[in-house]
Amino acid sequence: MRRATITVRAGGLSLRRVATYTVTMALLASLWLWLLSGPVWAASASVVYRGPTEAKLIALTFDDNTTVTPALATLRALEKDKVPATLFVIGSAVAGTPAINAEIVKGMSEGLFEVGDHSWSHPVLKGLSSSALARQIGGGVDAFRQATGARTVPLFRPPYGSTDARVAAVAGSEGFSYLVLWDVDPRDWAGGSASSIASHVISHAHKGAIVVMHLSAQHTAGAIHTIVSTLRARGYEFVNVSTMLKGERLFLDVDGGSQAGTAIARLVRLGFMSGYDGNYFGPADAITRAQVAKVATLVAGLHTPQVDEGRPASYADVPLRRNSAGQALAYPYDFVEEASAAGLVAGAPGPDGAMVFRPNEAITRVQLAQILARMARQLKGYGSEGTAAQALPETGSGAQPAFADVPAYAAADVSLVAGLGLMSGYAGAEFRPWQGALRAQVALAMSRYLDLPALSRGN
Ligand SMILES: [Zn+2]
């Protein structure tokens, strides 16, 4: 059995560049995900005060979503000038400020805003117990996601900038890759005029600057247009913090040098998978059955651009859907139909007898293995009459891993897929069939499938 250790580095600025980035990092902030053979553990969040200093980029950040009138004015000023910004929200304020939440979501839909965490209730974190830290850190984004359903980013800003190694460690274990401080502070909360706020930011601007301001401050909105127009005229580009930290990488949360990272980049470039946005792929996130049907259909070359509207829907829960202009949408209907017609996916009878596909359910590892086995058999000619063993130049021994935890109905499929090196098991002859497949695992398996030579054209 072929085995590899896959790492997904969620927290790493390129370590080679640290010296030039002037980025302070709390140790090696790598979230090593041993996707195939080991436990998951998180490193401390990387502490950053500024971004890389090579490019003429500036990130404006805004804390304290507590006061509706100034917050709305600032958010609208940013939207008016189309300024990307990173907003760090306090969880306990979210429920009482629906107008702020709505304005933030509007800016997110315009591709401007991202939302990071500013704790549940804004205490000084240094000195809190570890369990109190764990309750505080992440409380902002949890509340925001609950209120809006919008995605948030794994960036944490400690209240008052009060932090130490323990705060960074808990932030890391709560899923935050970066602890974001700042290196330009106009002290807008102190009540100075808009022009004094603007002139501070303009005179302290530099490549890679992270500017801290506040949605609760009275005169910040009035400073935005001056800051933005002046610095844009000087050649600066405004970006959110994630974009600034990402630098030249494809995604901030993917280590491009790992096997999984290489596979993700390949599938994204081929148009077979995509990130959530320009900064995040979500390699360790679950993936749904409909999403995998789409990837499989594209990887297998079974997708046709025209949505076939003529056929009756095979599954009651995957009907043909249309956009507001009445055009048929390919996803998920067309992909699921194509994958189903090719025998790659299957549904089951629902409670009322009609076939259902359960498109939004997270796909399990055994379901992914079955799809891959069908692709290998039907499209590349593996798996019949002992061809799998013959077709394994790198394993040689022909010894198939026997997974004690795989159900009998899927044993041949899992064996074939493991034997071909498309998926691997864990230590102790475990395949963990009921565990959800991760987006990175799907990318890796599909990339390996693409590299699998065809024994014959399908039957
Ligand atoms: Zn604050």
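The secondary structure of this protein chain, seen here in a predicted model, comes to 17 helices and 12 strands. Of the 459 residues in the chain, 49% are buried. The contacts also reach far along the sequence: if you take those between residues at least 6 apart, 76% of them join residues at least 24 apart.

A good place to start looking is strand E3, which runs over residues 85-89. Five of its five residues are buried, so the strand is largely enclosed by the rest of the structure. You can follow the side chains in two directions: Ala85, Leu87 and Val89 point one way from E3, while Thr86 and Phe88 point the other way. Whichever way they point, all of these residues are buried.

Now look at what lies beside E3. Strand E2 (residues 57-63) pairs with E3 in the parallel sense, over three bridges, and in this pairing Phe62 stands opposite Leu87. Strand E4, made of residues 113-117, also pairs with E3 in the parallel sense, here over five bridges. On that side, Phe88 of E3 stands opposite Gly116 in E4. If you trace the chain from E2 to E3, you will meet helix H2 (residues 68-80), and together E2, H2 and E3 make a right-handed β-α-β unit.

Next, turn to a pair of helices further along the chain. Two packed helices are described by the angle between their axes and the distance between the axes. For helix H14 (residues 365-380) and helix H17 (residues 439-451), the axes come within 11 Å and cross at roughly 10°. Angles under 35 degrees count as roughly parallel, which makes H14 roughly parallel to H17. To find the contact in the structure, pick out Leu368, Leu372 and Met375 in H14, which meet Val442, Ala445 and Tyr449 in H17. What kinds of residues, nonpolar, polar or charged, make up the contact of H14 with H17? Six are nonpolar, with no polar and no charged residues.

Our last stop is helix H16, residues 411-419. This helix is mostly covered, with seven of its nine residues buried. The buried residues are Asp413, Val414, Ser415, Leu416, Val417, Ala418 and Gly419. Keep following the backbone and, just after H16, you come to Gly421, which takes a positive phi of about 80°.

Technical notes:
Residues are numbered from 1 along each chain as its sequence is written. This is a predicted model: local features need pLDDT of at least 70, side-chain atom pairs count only at pLDDT 80 or more; totals for chains, interfaces and linings use all residues. A residue is buried if 20 or more other C-beta atoms lie within 10 Å of its own, exposed if 12 or fewer, and partly exposed in between; C-beta atoms are placed from the backbone. Helices (H or I, at least four residues) and strands (E, at least two) are DSSP runs, numbered from the N terminus. Two strands pair if DSSP finds at least two bridges between them. A crossover is right-handed if, with the strands pointing away from the viewer, the path from the first strand over the helix to the second runs clockwise. Two residues are in contact if their C-beta atoms, placed from the backbone, lie within 7 Å. Axes are lines fitted to C-alpha atoms, for helices over the stretch in contact, and angles run from 0 to 180 degrees between N-to-C directions. Angles under 35 degrees count as roughly parallel, over 145 as roughly antiparallel, 65 to 115 as roughly perpendicular and the rest as oblique. Ala, Val, Leu, Ile, Met, Phe, Trp, Tyr, Cys and Pro count as nonpolar, Asp, Glu, Lys and Arg as charged, and the others, Gly among them, as polar.
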